[in-house]
Amino acid sequence: PKCGFSSKMMALLEEHRVPFTTFDILSDEEVRQGLKVYSTWPTYPQVYAHGKLVGGLDVLNELAAEGELLSELKVSPEDGTPALEPVTLVSKIKRALQAERVEVEDLSDGCGSKFSVLVVTEKFEGMPLIERQRAVHESIKAEMASIHALTLKCKTPAQAAAAACRGEVEQAGCRRIGAFAEGATKVDASIRTGRGHGVAAFWPLARG
């Protein structure tokens with residue numbers, strides 16, 4: 001939505017798993033003005049349930065805070081789609097792929113379910129990347145219908161170990177740079193005496 005209030009309204013409804021449809025009142029000026037008269041409500045967004053106006057964003061926020069949103073909209077908890085929990089994905093992927101490591105991060109932001117998933121299993125040995133991802137999709141086939149975005153990293157144990165090793169090397173490199181930073185005064189001196197080379201030129205001059 002172009003309107004920030006409308007975006008917040010949609011996020012609130014999605015958070016509570018309320019099924020809904022929308023109409024862009026900016027696309028039809030007649031509807032935009034006529035609805036204000038019909039509802040005797042001067043601002044947007046407006047939410048209707050079963051043909052009756054429930055209110056705007058402030059009203060829905062208050063209903064949600066009081067735990068009355070679903071009852072006011074006449075939506076039972078069973079009508080909404082139950083929230084998909086990361087633990088469900090972890091369990092299903094581990095069991096289906098005999099994975100030794102599965103990490104699931106929930107990146108949902110009010111605009112649908114979004115997850116980042118890392119899977120490490122020996123079953124990926126010799127498999128092309130696309131087949132690895134298909135295997136993960138198949139393992140959570142029932143859940144895929146409610147997932148809006150899924151980022152996958154599919155690794156063999158050897159690949160995961162190599163990635164961890166690279167991370168340790170990078171961290172060691174940062175520690176080494178930090179050690180040089182502590183000795184910045186000596187580097188500054190070499191710059192001032194004309195003995196600075198390359199990397200030394202990146203250090204700030206010491207004061208005093």
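So, Glu29 and Arg32: these two sit three residues apart in helix α2, which means they are separated by about one helical turn. And their side chains meet in a salt bridge, with 3.6 Å from N to O. Keep in mind, by the way, that what we're looking at is a predicted model.

Are those two buried or exposed, then? Glu29 has 44% relative accessibility, so we call it partly exposed. Arg32 comes out at 29%, and that makes it partly exposed as well.

Let's stay with α2 for a moment, because there's something to see at each end of this helix, which covers residues 29–39. At its start, a side-chain oxygen of Asp28 comes to within 3.1 Å of the backbone nitrogen of Glu30. Then, just after α2, we get to Thr40, which has a positive phi of about 50 degrees.

Okay, back to salt bridges. How many are there by the rule we use? The count is four. You've met Glu29 with Arg32, and I'll show you another couple.

Go along to helix α6 and find Glu131 and Arg134. They are three residues apart in that helix, about one turn. Their closest N and O atoms are 2.8 Å apart, and they form a salt bridge. Glu131 is partly exposed at 32% relative accessibility, and Arg134 is partly exposed at 48%.

Next up is Arg101, which pairs with Glu103 in a salt bridge, the closest N and O atoms being 2.9 Å apart. Arg101 has a relative accessibility of 35%, so it counts as partly exposed. Glu103 has a relative accessible area of 41% and is partly exposed too.

Let's step back to the whole chain. It has nine helices and five strands. If you walk from the N terminus, the order is α-α-β-β-α-α-α-β-β-α-α-β-α-α. There are 208 residues in the chain, and 27% of them are buried. The accessible surface comes to about 14,100 Å², and carbon and sulfur atoms hold 55% of that.

Now for the inside. What is in the largest nonpolar core? That core has 17 residues, and those with the most contacts inside it include Leu89, Ile93, Phe115 and Val119. Several elements give two or more residues to this core: α5 (86–97), β3 (101–106), β4 (113–120), α6 (129–139) and β5 (147–155). There's also a second, separate core, this one with 14 residues, including Val18, Val54, Leu60 and Val75.

If you want one residue to click on, try Val119. Leaving out residues up to four places away in sequence, Val119 touches Ile93, Leu97, Ala99, Arg101, Val102, Phe124, Val136, Lys153, Cys154 and Lys155. You'll recognise Arg101 in that list from its salt bridge with Glu103.

And what about contacts across the sequence in general? Take the contacts in the chain with a separation of 6 or more: residues 24 or more positions apart account for 50% of those.

Last thing, the cysteines. How many disulfides does the structure hold? Zero. Cys154, which we just saw touching Val119, is at 6% relative accessibility, so this cysteine counts as buried. Cys165, on the other hand, has a relative accessible area of 44% and is partly exposed.

That's my tour, so over to you.

How values were computed. Residues are numbered from 1 along each chain as its sequence is written. This is a predicted model: local features need pLDDT of at least 70, side-chain atom pairs count only at pLDDT 80 or more; totals for chains, interfaces and linings use all residues. Side-chain values use heavy atoms; hydrogens and water are left out. A disulfide is a pair of cysteine sulfur atoms within 2.5 Å. Buried means under 20% relative accessible area, exposed over 50%, partly exposed in between (1.4 Å probe, protein chains only). A polar contact is a pair of N or O atoms within 3.5 Å; within protein, one must be able to donate a hydrogen and the other to accept it, and residues adjacent in sequence count only if both atoms are side-chain atoms. Helices (H or I, at least four residues) and strands (E, at least two) are DSSP runs, numbered from the N terminus. A nonpolar core is a set of buried Ala, Val, Leu, Ile, Met, Phe, Trp, Tyr and Cys residues joined through side-chain atoms within 4.5 Å. Contact means heavy atoms within 4.5 Å. Accessible areas come from the Shrake-Rupley method with a 1.4 Å probe; for residues, only the protein chains shown count as cover.
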